[in-house]
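Here are a few notes from going through this one. Have the structure open while you read.

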Amino acid sequence: MLTGPSHRIRCPMKITKLSTFRVAPRWMFLKVETDEGIDGWGEPVVEGKSLSTEAAVHEFAPYLVGQDPMRINDLWQVMYRGGFYRGGPTLMSAIAGIDQALWDIKGKALGVPVYQLLGGLVRDKMKVYSWVGGDRPSDVIRDIKRLHERGFDTFKMNGSVEMGPLDNSAKVDAAIARIAEIREAFGNTIEFGIDFHGRIGLPMAKTMLRELEPHRPLFVEEPVLAEQDEHYARLAQHTSIPLAAGERMYSRFEFKRVFEAGGLAIVQPDPSHAGGISECLKIAAMAEAYDVALAPHCPLGPVALAACLHLDFVSHNAVLQEQSIGIHYNQGVEPLDYVLNPEDFVIQDGYMLPFTKPGLGVVMNEAHIREASLRAPDWRNPLWRHEDGSVAEW
Ligand SMILES: [Mg+2]
């Protein structure tokens, strides 16, 4: 069969089918098939809302089947602008996974890794960090030791348990004491970011940032919820700790507000939530113009991680990559359970290397994915409550 570039212009490849597979622990894979036998994979999911995301993917299918998968820019605009209502986690995550699969197809069709299509490498290796501890702080020092021996020197942990809008000093002291112990145990041999997970309101965030300051965390993430993003600039005036956020922002149109307002030192768009590789590339470029660093969010599976890495390897301002190998959410399932090329995901001395295979570089274990999708759990995030019975942020 003739499949050269000129043939492709006259007789473009066509998308034939979209199939979704919800799998443990809380992920979903998308397979996009074409009439030329080239398949692309994506990872569209809103953790805890996978059924809604799956429905959204299939609502996009009629706009995609029969179309040329090489026209990613146009298909993205069709999905985004073609609907009167747009944005938000569900639609943007559905677009994200489809966009990833289209880049995978394009890379495979042209025989090159996706980063080559995006202009090529800006670095030889990418720094990754590891989560430590569970939802509730405990045994963090033991976990850091274990991971430090495996070559990691950068970590992230939750900053506190649930915290009320005006909580007590004992809770603040307990949270700070834990951080102080970690800094004392490891000195400057490690760095760590602290994720507030939006659990802390503005009054307590000011106190916590002030108390954390002497222990010099690498960054504080979601010091307040993304829907309170107007506070980031004000909080940044109170602290020298770099502030990070972005996992709950879904497009360049949301990010433009925080870039304009200032306050964030690091943005963390998620290529599985914020419109895919295409959109996150634009967000990364906007960030660079504002001298803001990039650290893509990724507590998800292997396709999402690969999408992040392709972005990191072409973005000069990418500083850190999150990854979920061994994260506390996974519980018995690991990202690499779903791939046939775990050797391409090796983390050495805290770094990952560029993928060398065409497309996203992930060889999916489709038989295992199909089998695992038969017993997908209906994962929901925990519902936490304050001592007085009111709902707390998880
Ligand atoms: Mg976070």
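**The α2/α4 contact and the domains**

1. The helix contact first: S52, T53, A56, V57, F60 and L64 of α2 meet T90, L91, S93, A94, G97 and I98 of α4 (contact means C-beta atoms, placed from the backbone, within 7 Å; helices are DSSP runs of H or I, at least four residues, and strands runs of E, at least two, numbered from the N terminus). Sorted by class, the residues of this contact are seven nonpolar, five polar and no charged (Ala, Val, Leu, Ile, Met, Phe, Trp, Tyr, Cys and Pro count as nonpolar, Asp, Glu, Lys and Arg as charged, the others, Gly among them, as polar).

2. A word on the source: this is a predicted model, with local features needing pLDDT of at least 70 and side-chain atom pairs counting only at pLDDT 80 or more, while totals for chains, interfaces and linings use all residues. Residues are numbered from 1 along each chain as its sequence is written.

3. On geometry, α2 (residues 50-64) packs on α4 (residues 88-110) at about 60 degrees, axes 9 Å apart. That makes α2 oblique to α4.

4. As for domains, the chain splits into domain 1 (5-113) and domain 2 (116-360), with bounds from an automatic or database domain assignment. Their C-alpha centres lie 26 Å apart.

5. Across the boundary, 32 residues of domain 1 are in contact with 28 residues of domain 2. Which element gives the most to domain 1's side? It's α4, with 15 residues. By class, that side has 17 nonpolar, nine polar and six charged residues.

Definitions and conventions:
Axes are lines fitted to C-alpha atoms, for helices over the stretch in contact, and angles run from 0 to 180 degrees between N-to-C directions. Angles under 35 degrees count as roughly parallel, over 145 as roughly antiparallel, 65 to 115 as roughly perpendicular and the rest as oblique. Two residues are in contact if their C-beta atoms, placed from the backbone, lie within 7 Å.
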